[in-house]
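Have the sequence and the 3D view open, and take a pencil. Try each task yourself before you read its solution.

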Amino acid sequence: MAKQFFANVKSVLSGDTLVLTSQNNPNAERIFSLAFVTGPHLKREGDEPFAFQSRDYLRKLVVGKAVQCTVLYTVPNSGRDYGIAQLKDGTQLPDELVKAGWLKVREDAGRKEESEEVLQRLETLRSLEAQAKSEGKGLWEGVGGIIEVQNDISALDINEWKGKTVEGIVERVLSGDRLLVRLKLSDKKHLQVMTLVAGIRAPSTERVNQSTGQTQPAEEFGNEARQYVEQRLLQRDVKVEIVGTSPQGQLIASIIHPRGSIAEFLLADGLARCNDFHSTLLGPKMAALRAAEKKAQAAKLRLHKDHVAKADAGSSSDMIVSKIQGADAIFVRTKNGAEKRINLSSVRGPRGNEPSEAPFREEAKEYLRKKLIGKHVKVSIDGHRPASDDFEARDVATVTEKGKNINLMLVQDGWCSVIRHRKDDTDRAPNYDELLAAQEKAKEEKKGMWSGKSSKAKSYVDVSESVQKAKMQLSTLSRQKKVPAIVDFCKAGSRFTILIPREGVKLTMVLAGVRAPRAPRLPQEKGEPFGQEALDLANRRCNQRDVEIDIHDIDKVGGFIGDLYINRESFAKILVEEGLATVHQYSAEKAGNAAELLAAEKRAKEARKGLWHDWDPSQDEEAEEEAAEVEPSEAAPADKRAADYREVVVTNIDANGKLKIQEVGKGTSALEILMNEFKKFHIDPKNNKPLANPPKTGEFVAAKFSADGQWYRARVRSNDRAAKVAEVVYIDYGNTEKIPWSNLRPLDQPQFTTQKLKAQAIDASLSFIQLPTAPDYFNDALNYIAEVTDGRSLVASFDYIDPKEGLSYITLFDEKKSGSTFVDSINKDVVANGHALVPKKLKAWERGRASEEVLKKLREVETQAKADRLGMWEYGDITED
């Protein structure tokens, strides 16, 4: 008795052969051929005539449907079953195909058969064949039937077909997003190529690596995604919307099932993710795919089972842009005055390590500065980036100004590129696809950094680099009024770095007629009272703003003295009015703004603002008289100097000739106690704790000195992040060295901080002498000073302390030698041995009657050293030229 079974038709190999799957187990497959008949076959080397038409007739009839199969016989060698099949509507196979002329009855069919039933069926089939033959149906048409099939995409002119829709058949499903599709370009020409489903990326299926022969397992949900597509698309008629090709030359197209796009169904069921690389090819159609993906994420389906929904960014916050860090990063100030850094979502400014982009960094930054600095903006937080080795934690956001999306404008004008996010990275701009499309358009139109031309960014010459350059520029600027400029950097409340685009120069500018208190240079340092507040005001009002300047004069180091106007208002007046600067009457009168500044100062005093918070009107007249006698920031010539002798030791001599000294007394004894405890602390293994993060410039650390392997207090001067090496200065001794980060530890123990014991190394310079500039003689001088000071107890006369530079000018004496007049000093010995000379241009404090006798004696010993051809004078008087 013939064996019968029910199955589903998965696909059709030819007009006479079916691929069936079990109704209970879709993964169980078998091949079933129709008995007594044969049809033309599709072959890789070329299809037989009418092979496609024959298979297509059967495909349309049975694929995806249930059939009842009756096995009549099995071929022993191949194990393939042959028989007949019947659809639910009663359609008999192969009868239906023989009747339509798409199958022929085999000539040898029934020769060995004795069954009346089989012979009767063969008679029926031959009758149907004869009828089809007489009517010229199907194969019996006799002419045509040949379809040219190509398998190389190069046969397709992609520019001609891009954007068009072609009828197609899905021949094979390799994965959820990779299909072998037959494109019916015409009745006589088909193209069968690998096709990527546009807009999505599905997990990979199990596959064999051809080079190694090893089987690579499927990614999670990879096999499920393939089966999902097979059930819906395999050997189904689809519409293929061609959108482009991949970098590997594979066709990218939207596959449209009668019920819609398969990409949307896969995304909605969590079996694929959106593919950002296809966004520009799909354009507005990408929005529907994003929506489907979000739906799956919200439901945590399959690939998104671990999805963590972003906290709703909520409404936009109104902020003011206070600083432009780069083309993709800004600082904003909130309503309560707090400042925070924001990175623009999904965009990146020109990269410094990319030769084609680096030249446009400054131009891109200037573009954003003009658009945003000082403006009110709306900031919508799109995500948060945690801290990493190279970056601090920061928010990423979309910024709009007067309704205009700044992120988009930067991309549209070619000043930013779009970041390619990781597939699971949700911290991105909500209009990400629009950004990608804008980037492609900017590239096509050759805008900004895509222009292929050299950057138009201005290069600026620093005219404050030397007094000579400053004098040359002064003659040009002093003749002009209200010169347009940009504040590049605020150094202090009254000191700025200024850019003048039309002149192509950069200069340091000091506000005329006022003095603002000194701000701390580093967070750990302590500046003058209200110095930080003055700097904060300057940053808020002036930093990176377009301003106008009037230049009156230059100072002794090449700084330009003048007035700065922000929105046509004098910033010097603003500073004084807020009580964050005092008026220097002499220089104010010289600049011609004394009346305005004094009036502003009076208002600040009366309002008890800033520096005047404890102002006493009764002492005002006395204070003004003292201020008139000598400018606070400069030292006047002294007629009489108070003696200030202290015991010291020289701990280091810097490469620039400056000394590092320690005062002997409470400081050194306290240091000795501290260092004993410090040594014990770091010997203990439980305190072997490395730095949690890469060291920052200015940070106080414990450092292991390479010479003796002991730990000392230090401050980081600079960092080489690539080599993980820091340059540190040992704050209690003054010497510096470069050491690996592994030899640094945190200095956060309260008993060892600079609050407990201030840094003991003091910067000092020998008074009244000037070291030679020639390298050989300069080194000889340093060696001599080291020789006469090393390991000795010394007494220093502190002749002048410069608070601005933090530098003490001293005369050194050997404690063991009697006498404390200049004749007995080490300073005199340095000159007498030809290792220094008497400066021709004296500092302000070195002039006056108190110094006359010292300078006279120094010139005498200098003359003798010249006569004896000592040191630098060995070839004669080098100052004669």
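The exercises below walk through this predicted model, each with a worked solution.

**Exercise 1. A barrel of strands**

Task: Find which strands close into a barrel, give their order, and say which helix lies across them.

Solution:
- Step 1. Follow the strands round: 5 of them close into a barrel in the order β37-β38-β44-β46-β45. The pairing in this barrel is mixed.
- Step 2. Look at how the strands turn: the twist averages 55 degrees from one strand to the next.
- Step 3. Zoom in on one pair. β38 and β44 pair in the antiparallel sense over 3 bridges. Start from Ile661, and its bridge partner in β44 is Ile762.
- Step 4. Now add the helix. Helix α19, residues 775-789, lies across β37, β38, β44, β45 and β46. The helix runs at about 130 degrees to β37 (645-653).

A reminder for this and the later exercises: strands of a sheet pair through backbone hydrogen bonds, either parallel or antiparallel.

**Exercise 2. An open sheet**

Task: Give the order of the strands in the open sheet, then say which are the edge strands.

Solution:
- Step 1. The open sheet has 5 strands in the order β42-β41-β40-β39-β43, and the pairing is antiparallel.
- Step 2. An edge strand pairs on one side only, and here that describes β42 (736-740) and β43 (744-746).
- Step 3. For the twist, the average is 50 degrees from one strand to the next.
- Step 4. Check one neighbour pair: β41 and β42 run antiparallel and are joined by 5 bridges. Within this pair, Val725 has Pro740 of β42 as its bridge partner.

**Exercise 3. The second largest pocket**

Task: Describe the second largest pocket by its volume, its lining and the residues nearest its centre.

Solution:
- Step 1. Begin with the volume, which is about 1400 Å³.
- Step 2. Count the lining: 36 residues line this pocket. Those nearest the centre are Glu525, Arg715, Ala761, Asp763 and Gly806.
- Step 3. Sort the lining by class, and you get 13 nonpolar, 8 polar and 15 charged residues.
- Step 4. Trace where the lining comes from. At least two residues each are supplied by β38 (659-663), β40 (711-720), β41 (725-730), β44 (762-766), β45 (794-802) and β46 (807-814). The largest share, 3 residues, comes from β40.

**Exercise 4. A chain of antiparallel partners**

Task: Start at strand β20, find the strands it pairs with, and then take one step further along from β24.

Solution:
- Step 1. β20 (residues 317-326) pairs with β21 (residues 329-333) in the antiparallel sense over 5 bridges. The two form a hairpin with 2 residues between them. In this hairpin, Val321 stands opposite Val332 of β21.
- Step 2. β20 also pairs with β24 (residues 376-385), again antiparallel, over 4 bridges. Ile320 has His376 of β24 as its bridge partner, while Ser317 has Val379.
- Step 3. From β24, move on to β25 (residues 394-401): these two run antiparallel and are joined by 7 bridges. Here Lys378 stands opposite Thr400 in β25.

**Exercise 5. A salt bridge across the sequence**

Task: How many salt bridges are counted, and which parts does the one between Asp237 and Arg59 tie together?

Solution:
- Step 1. The count comes to 50 salt bridges, with a cut-off of 4 Å between the side-chain nitrogen and the carboxyl oxygen.
- Step 2. For Asp237 and Arg59, the N to O distance is 2.9 Å, so the pair is within 4 Å and qualifies.
- Step 3. Asp237 lies in strand β16 (residues 237-245) and Arg59 in helix α1 (residues 51-62), so this salt bridge ties together parts that are 178 residues apart in sequence.

**Exercise 6. Two backbone exceptions**

Task: Where are Pro94 and Phe50 found, and what does the backbone do there?

Solution:
- Step 1. Recall the usual case: most residues other than glycine have a negative phi, and most peptide bonds are trans.
- Step 2. Leu93 and Pro94 are joined by a cis peptide bond, with omega about 15 degrees. Pro94 sits in the loop between β7 (92-93) and α2 (95-99).
- Step 3. Phe50 has a positive phi, near 65 degrees. Its place is the loop between β4 (37-38) and α1.

Key. Residues numbered from 1 in each chain as written. Predicted model: local features only at pLDDT ≥ 70, side-chain atom pairs only at ≥ 80, totals over all residues. Heavy atoms only, no water. 1 Å grid on protein atoms, 1.4 Å probe; cavity = no way out; pocket = protein on both sides within 12 Å on 5 of 7 lines; lining within 4 Å. Points joined across faces, edges and corners; volume = space filled by probe spheres on them. Nonpolar A, V, L, I, M, F, W, Y, C, P; charged D, E, K, R; others polar. Pairing = 2+ DSSP bridges. Axes fitted to C-alpha atoms, helices over the stretch in contact; angles between N-to-C directions. Contact = heavy atoms within 4.5 Å.
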